[in-house]
Amino acid sequence: MKTTNIFPLTFVAAKLLLLPSASTAFVSPSKQMFATTKHMQSMDSAPLAVSLSSDVSIESDTSAAISAAQKQKELEQFPRTKLAHLPTPLEYCPRLSEALNGVNIYIKRDDCTGLATGGNKARKLEWLMAEAVEQGAEYVMTQGATQSNHCRQTAAAAAKLGLKCHILLEERVKGDADYNENGNVMLDDLFGASREKRGPNLDMAAELEAVAEEYRKKGHNVYVIPGGGSNPTGALGYVNCAYELVQQIEELGIPVDHICHATGSTGTQAGLVTGLKACGSTIPLLGYGVRFAKDIQEAKVFTLAKATAEKIGMPDCVDAEDVVVDSNYVGPGYGTPAESTIEAIRMFAELEGLLLDPVYSAKGAAGL
């Protein structure tokens, strides 16, 4: 019987393929992982490459790999600053594969991107920060949940490039004083970022723009990065990741049935689906939602994918049916783990020595 292959890409918050969206999110060093899950937030775009069916397999595609290599060069038209350690490894998970009835699982180790403990946002920030520098920005501003990995890596990137960073943190998950001051919040401060707090259920994009406008009125040049770095510029990081992955799959000579990942702010999934379709890959992509219902998330991803495809000069490469989301593993809500979330965290840790976070990567892994 033919075996199937699954590829998780791990980012500091891994998403499914597992394309890690954020490698392992920061954990308060004085506590064990499960005691400090509230201090861990993965990035929303780490994918897992997985093969879910033992009946149908999509063989490695030489033509797609050749196209991917060519299209990587085309991305050179856009400004980019090197922040991540790329390409990240694509690792086979033998014990996990055996435990899951012989489905072959590979994981893309985007937890190894290197910037401020790693994670998927490093890929997006290579393009976003380059654009900020090109525009002569003095400040970069962004927003996210209290324990946002995106804000942490943005603050680190700004420090590395000599820019000032100001962030808005949303109380999306109710937490105690430890939650509000430790973990990534402590790292934001360590990287020199200034910050403001906002309550839940606000239009955070509007809040961010209002603060940016205040700074502009004072004479500052401000570059605004949306939550999760999820706009067409940031999504280039995952267009490039798709090209990278297709070439790695071809080099390894393995059939891949599915690429799976956790999907949140949409940038990872939009970039991946655009890159895969642009280079002619026929590998299906599946995103596991961590916050919104299936129809809402699919619409958000498709909107960004279309804009990203337009940006790279291939406006018709992505169709609505290419964007597939499964939101059955969100659990009680964003940032709150379900039993399946904890089970996935334990399984990946005990069988492969890999750390998943309870916000993004573990929910994608639970779906896997």
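Start with a cavity: the second largest one holds about 50 Å³ of space. You're looking at a predicted model, and a search of the whole structure turns up 2 cavities of 30 Å³ or more. To see the walls of the second largest, select K71, E74, L75, Q77, F78, Y243, I312 and M314. Colour that lining by class and you get 5 nonpolar, 1 polar and 2 charged residues.

**Stop 1: α1 against α8**

Keep K71 and Y243 selected, since both belong to the cavity lining and both also turn up where α1 meets α8. Now show helix α1, residues 62–74, together with helix α8, residues 232–252. The axes of α1 and α8 are 8 Å apart, and the angle between these helices is about 140 degrees. That angle makes α1 oblique to α8. If you turn the view to check the handedness, the crossing of α1 and α8 is left-handed.

For the side chains, pick T62, A64, A65, A68, A69, K71 and Q72 on α1, then N240, Y243, E244, V246, Q247 and E250 on α8. By class, this α1–α8 contact has 6 nonpolar, 4 polar and 3 charged residues.

**Stop 2: α8 against α9**

Leave α8 on screen and bring in helix α9, residues 267–278. Here the axes of α8 and α9 come within 7 Å and cross at roughly 50 degrees, so this pair is oblique. The α8–α9 crossing is right-handed. From α8, the residues to select are A235, Y238, V239, C241, A242, Y243 and V246; from α9, take G267, T268, G271, L272, T274, G275, L276 and A278. Which classes do you find in the contact of α8 with α9? There are 10 nonpolar and 5 polar residues, and no charged ones.

Y243 is worth a label while you're here: Y243 lines the second largest cavity, meets α1 and takes part in the contact with α9.

**Stop 3: α8 against α10**

Next, hide α9 and show helix α10, residues 294–311. How are α8 and α10 set relative to each other? They pack at an angle of about 80 degrees with axes 9 Å apart, and are therefore roughly perpendicular. On the α8 side, select P232, T233, A235, L236 and V239; their partners on α10 are L304, A307, T308 and K311. That contact has 6 nonpolar, 2 polar and 1 charged residues. You may recognise A235 and V239, which meet α10 and are also part of the contact with α9.

**Stop 4: two backbone details**

Switch to the backbone and go to P87, in the loop between α1 and β3 (90–92). The peptide bond leading from L86 into P87 is cis, with omega near -5 degrees.

For the last selection, find A116 in the loop between β4 (104–109) and α3 (121–134). What is the phi of A116? The value is near 55 degrees, which is positive in a residue other than glycine.

Definitions and conventions
Residues are numbered from 1 along each chain as its sequence is written. This is a predicted model: local features need pLDDT of at least 70, side-chain atom pairs count only at pLDDT 80 or more; totals for chains, interfaces and linings use all residues. Side-chain values use heavy atoms; hydrogens and water are left out. On a 1 Å grid over the protein atoms alone, a cavity is a set of points where a 1.4 Å probe fits but cannot get out, and a pocket is an open set with protein on both sides within 12 Å along at least five of seven lines; lining residues have an atom within 4 Å of a point. Grid points are joined across faces, edges and corners, and a volume is the space filled by probe spheres set on the points. Ala, Val, Leu, Ile, Met, Phe, Trp, Tyr, Cys and Pro count as nonpolar, Asp, Glu, Lys and Arg as charged, and the others, Gly among them, as polar. Axes are lines fitted to C-alpha atoms, for helices over the stretch in contact, and angles run from 0 to 180 degrees between N-to-C directions. Helices (H or I, at least four residues) and strands (E, at least two) are DSSP runs, numbered from the N terminus. Angles under 35 degrees count as roughly parallel, over 145 as roughly antiparallel, 65 to 115 as roughly perpendicular and the rest as oblique. Contact means heavy atoms within 4.5 Å. A crossing is left-handed if the near helix is turned anticlockwise from the far one by less than a right angle, and right-handed if clockwise.
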